[in-house]
Amino acid sequence: MKITTIGLGYIGFPTSVLFAMHGHQVIGVDVNRRVVEMLSRGTVHIEEPGLQELYQEARVLGNFQVSQTPSASDAFIIAVPTPNRDDAYKSCDLSYVKAAITSVVPYLKNGDLLIIESTIAPRTMEDVVRPMIQAAGFTVGVDVYLAHCPERVLPGNIAYELVHNPRIIGGVTPVCTEKAKKLYASVVQGALISATASEAELSKLMENTFRDVNIALANELAKIGGDLQIDALKVIEMANYHPRVNLHAPGPGVGGHCLAVDPYFVAAAAPSFSPLIQTARGINTSMPHYVVSLTEKLMQDAPTQKIAVFGLAYKGNIDDTRESPAMKIVALLEAQGFEVAKYDPHVAIGCLTMKEACSGSSLILVLTDHSEFVTISEEATACMALPHLLDTKNIVKRMAPNVNYMNLGNVYHYTKSC
Ligand code: SAJ
């Protein structure tokens, strides 16, 4: 089959490679000239294990072309970003999706399949995409087939998960579902689950909303524990001995391009019926401020105003800082006049070594659960002005005996007298 993919980012590019590896003729399209140039030279532009090798193989097979414009195909797959809009409920910004659809419409012909993989607000396929295709003169489900097939891969494991995860295939009509299923069956080994397009949209959004709401509960518990002087981390550990309870972990906030974005799409689509989702977002976005207020108390009588921040990425063992609560905390601390020394072994830009960051500082503030932080070297803490450590991710397990270790379960011991 000839497939045009629009958007060669974290999802669109590996997806394109996968289809090319399975014998399809793929034309990968991106509006970014730098991306197109790099890929044309054979260099992959995103950091993802194994992807460069797979791309090499797809190129050897002769199945992958890169371009800045679409061309006639049998299937079109759209995987462009859908950020939040700057409105009251941070609704879903469909401008890139609409532009992508507009760019492929001139190449559509009877029998073609148009798939949206981008995460979209509920009812987008029905209320936005279908009318655009109808307006171009096609009858949906008869001339052109439309489906929403959300991706669910985890960065760092994309190549495996694209093939093995179950996929929701949401057709605008049952025939659309069947056509899309046939395409994905040629590459996916996981189950292909039929749904309506609207069900597929909302199920993808609710997966991430489920996690966001549960993290908010854990974060609220951390604050309650601080107020009542009860170790919230111990409480979570105890509660999770119950076979049907799974309290999540509190932290400095929720980052990334999914959990911190998707719940707003649901809330904006049904604002009167989503108080829980909206409150959860509010709790999670309050966490950087909470961590800063704890830090201010801990630094009140400190000998220096230097803080070593450990971890800028939004979660452990990745280099991604998008929507990272750590970046927000750094900005807030700097605005308060603290000298912030950043250390993140996965994020190269603007970071120091561990020892440089610690030197002369009065607090290590751990904001990401990188595995490098399980052990904090004695050499690093020896050069601190005051060996205090606040571990908001509960990741540090080994350190010098003189380090005063605090986490979100016990920090109240040290802040209550301030
Ligand atoms: N976090 C906590 N406490 C927890 C778990 C996570 O504070 O108990 C924080 C993390 O530190 C991070 C944020 O939440 O800042 C999000 O991390 P994550 O690993 O839960 O989510 P993402 O955004 O990296 O990936 C999610 C995944 N979705 C689900 O697990 C339901 C992934 O499978 C999806 O592919 C991805 O979103 C997506 O594309 O939507």
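**Ligand shell and domain interface, question by question**

In this predicted model, the ligand is surrounded by 19 residues, and the closest are Val-153, Asn-208, Arg-211, Ala-249 and Tyr-314.

Q: What makes the pair of Ala-249 and the ligand a polar contact?
A: A backbone N or O atom of Ala-249 lies 2.8 Å from a nitrogen atom of the ligand. The cut-off for a pair of N or O atoms is 3.5 Å, so this pair counts as a polar contact.

Q: How do you know that Tyr-314 and Lys-393 make polar contacts with the ligand?
A: Take each distance in turn. A polar side-chain atom of Tyr-314 lies 2.6 Å from an oxygen atom of the ligand, and an N or O atom in the side chain of Lys-393 is 2.9 Å from a ligand oxygen. Both values are within 3.5 Å, so both pairs qualify. As for cover, the protein hides 86% of the 780 Å² of accessible area that the ligand has on its own.

Q: Which classes of residue make up the shell around the ligand?
A: The shell divides into eight nonpolar, four polar and seven charged residues.

Now to the domains.

Q: Why is the pairing of Glu-207 and Arg-152 called a salt bridge?
A: Their side chains meet at 2.5 Å, N to O. The rule asks for a side-chain nitrogen of Lys or Arg within 4 Å of a carboxyl oxygen of Asp or Glu, so the pair passes. Across the interface of domain 1 (2–190) and domain 2 (205–282), the rule finds one salt bridge. It also finds two residue pairs in polar contact there.

Q: How do you know that domain 1 and domain 2 touch, with 31 Å between their centres?
A: That distance is taken between centres, over C-alpha atoms, whereas contact asks for heavy atoms within 4.5 Å. The contact takes 13 residues from domain 1 and 13 residues from domain 2.

Q: What makes up the area buried between domain 1 and domain 2?
A: About 1000 Å² is buried between them, 68% of it on carbon and sulfur atoms. Asn-84, Tyr-89 and Pro-122 supply 46% of the area that domain 1 buries against domain 2, more than any other three residues.

Methods:
Residues are numbered from 1 along each chain as its sequence is written. This is a predicted model: local features need pLDDT of at least 70, side-chain atom pairs count only at pLDDT 80 or more; totals for chains, interfaces and linings use all residues. Side-chain values use heavy atoms; hydrogens and water are left out. Domain bounds come from an automatic or database domain assignment. Buried area is the accessible area (1.4 Å probe) that two parts lose on being put together, summed over both. A polar contact is a pair of N or O atoms within 3.5 Å; within protein, one must be able to donate a hydrogen and the other to accept it, and residues adjacent in sequence count only if both atoms are side-chain atoms. A residue is near a molecule or strand if one of its heavy atoms lies within 4 Å of it. Accessible areas come from the Shrake-Rupley method with a 1.4 Å probe; for residues, only the protein chains shown count as cover. Ala, Val, Leu, Ile, Met, Phe, Trp, Tyr, Cys and Pro count as nonpolar, Asp, Glu, Lys and Arg as charged, and the others, Gly among them, as polar.
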